[in-house]
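This report describes selected features of one protein chain, working from a helix and its core to a hairpin and a pocket. Please read it alongside the sequence and the coordinates shown here.

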Amino acid sequence: MPGAFRACAAFLLLLSSAAVFEARAEDVPSALARVREKSELRWGADAQGGAPYVFLNPRDPNQHLGYEVELAEALAEKLGARASFVQGDYDKLLDLVARGDFEVALNGIEATEEKKRVCELTRSYYVAPERLAVRAGDALAPRSLVALRGRRVATLPSTLAEQILVRAGA
């Protein structure tokens with residue numbers, strides 16, 4: 001990761017994590033103070049459904065891989081700390097950061113208006129369009145949102161994809 005990007009991302013994430021934590025509990029030391037005191041940056045994500053951002057290494061289930069693993073390590077390095085992964089359900093990550101289970105949540109968290117009302121968010125550092133994935137070669141598979149009306153569709157809860165699917169009647 002280029003040094004300027006790494007420093008910028010680290011700075012933005014640090015500002016976000018401290019603001020989220022302090023805004024929720026005035027009597028608890030700030031996230032930044034805790035990181036400095038413990039030399040540890042606790043970061044939360046859902047490795048069960050977080051690929052490609054964070055996922056378990058299929059060759060070593062004790063190791064996490066992914067873009068946000070590297071981002072957390074770069075941020076921790078910039079703070080003179082070590083990165084420590086904390087597992088959390090995707091739809092509970094913002095509640096867990098507010099409670100103080102970790103200093104920052106990294107897991108493809110989308111910048112929706114609902115999330116902006118409950119926490120501080122950094123600038124987007126990764127943008128990806130929503131896509132419908134269907135079984136290859138299935139001529140009867142739905143190919144549009146309209147075709148999904150009344151059908152069961154799998155997606156992560158509390159995501160933009162879920163909001164789009166609910167609005168479409170899926």
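In this predicted model, the buried residues of helix H3 are Glu68, Val69, Leu71, Ala72, Ala74, Leu75 and Ala76. The helix itself covers residues 67–78, and because 12 residues at 1.5 Å a residue should span 16 Å, the 17 Å between its end C-alpha atoms agrees with that expectation. H3 is followed by Gly80, a residue whose phi is positive, near 70 degrees.

Is Glu77, which also lies in helix H3, buried or exposed? Glu77 has a relative accessible area of 56% and therefore counts as exposed, the cut-off for that class being over 50%. The C-alpha atom of Glu77 is separated by 9.8 Å from that of Ser39, although the two residues are 38 residues apart along the chain.

The largest nonpolar core consists of 14 residues, and within it Leu41, Trp43, Val54, Val104 and Leu106 have the most contacts. Two elements, strand E1 (40–45) and H3, each give two or more residues to this core, and it is H3 that gives the most, with five residues.

A hairpin is formed by strands E2 and E3, with two residues between them. Strand E2 comprises residues 55–57 and strand E3 residues 60–65, and the two pair in the antiparallel sense over three bridges. Within this pairing, Leu56 stands opposite His64 in E3.

Turning to the pockets, the second largest has a volume of about 210 Å³. Its lining is made up of 13 residues, and those that lie nearest its centre are Asp91, Leu94, Glu114, Lys115 and Ser158. The elements that give two or more residues to the lining of this second largest pocket are helix H4 (93–99) and helix H5 (113–118). The table below divides the lining by class.

| Class in the lining of the second largest pocket | Number of residues |
|---|---|
| Nonpolar | five residues |
| Polar | three residues |
| Charged | five residues |

Taken together, helix H3 combines a set of buried residues that includes Val69, Leu71 and Leu75 with the exposed Glu77, and H3 also gives five residues to the largest nonpolar core. The lining of the second largest pocket, by contrast, draws two or more residues from each of H4 and H5, and five of its lining residues are charged.

Note on methods. Residues numbered from 1 in each chain as written. Predicted model: local features only at pLDDT ≥ 70, side-chain atom pairs only at ≥ 80, totals over all residues. Heavy atoms only, no water. Helix = DSSP H or I, 4+ residues; strand = E, 2+ residues; numbered from the N terminus. Expected span 1.5 Å × (residues − 1). Buried < 20%, exposed > 50% of the residue type's maximum accessible area, 1.4 Å probe, protein only. 1 Å grid on protein atoms, 1.4 Å probe; cavity = no way out; pocket = protein on both sides within 12 Å on 5 of 7 lines; lining within 4 Å. Points joined across faces, edges and corners; volume = space filled by probe spheres on them. Nonpolar A, V, L, I, M, F, W, Y, C, P; charged D, E, K, R; others polar. Pairing = 2+ DSSP bridges. Core = buried A, V, L, I, M, F, W, Y, C linked by side-chain atoms within 4.5 Å.
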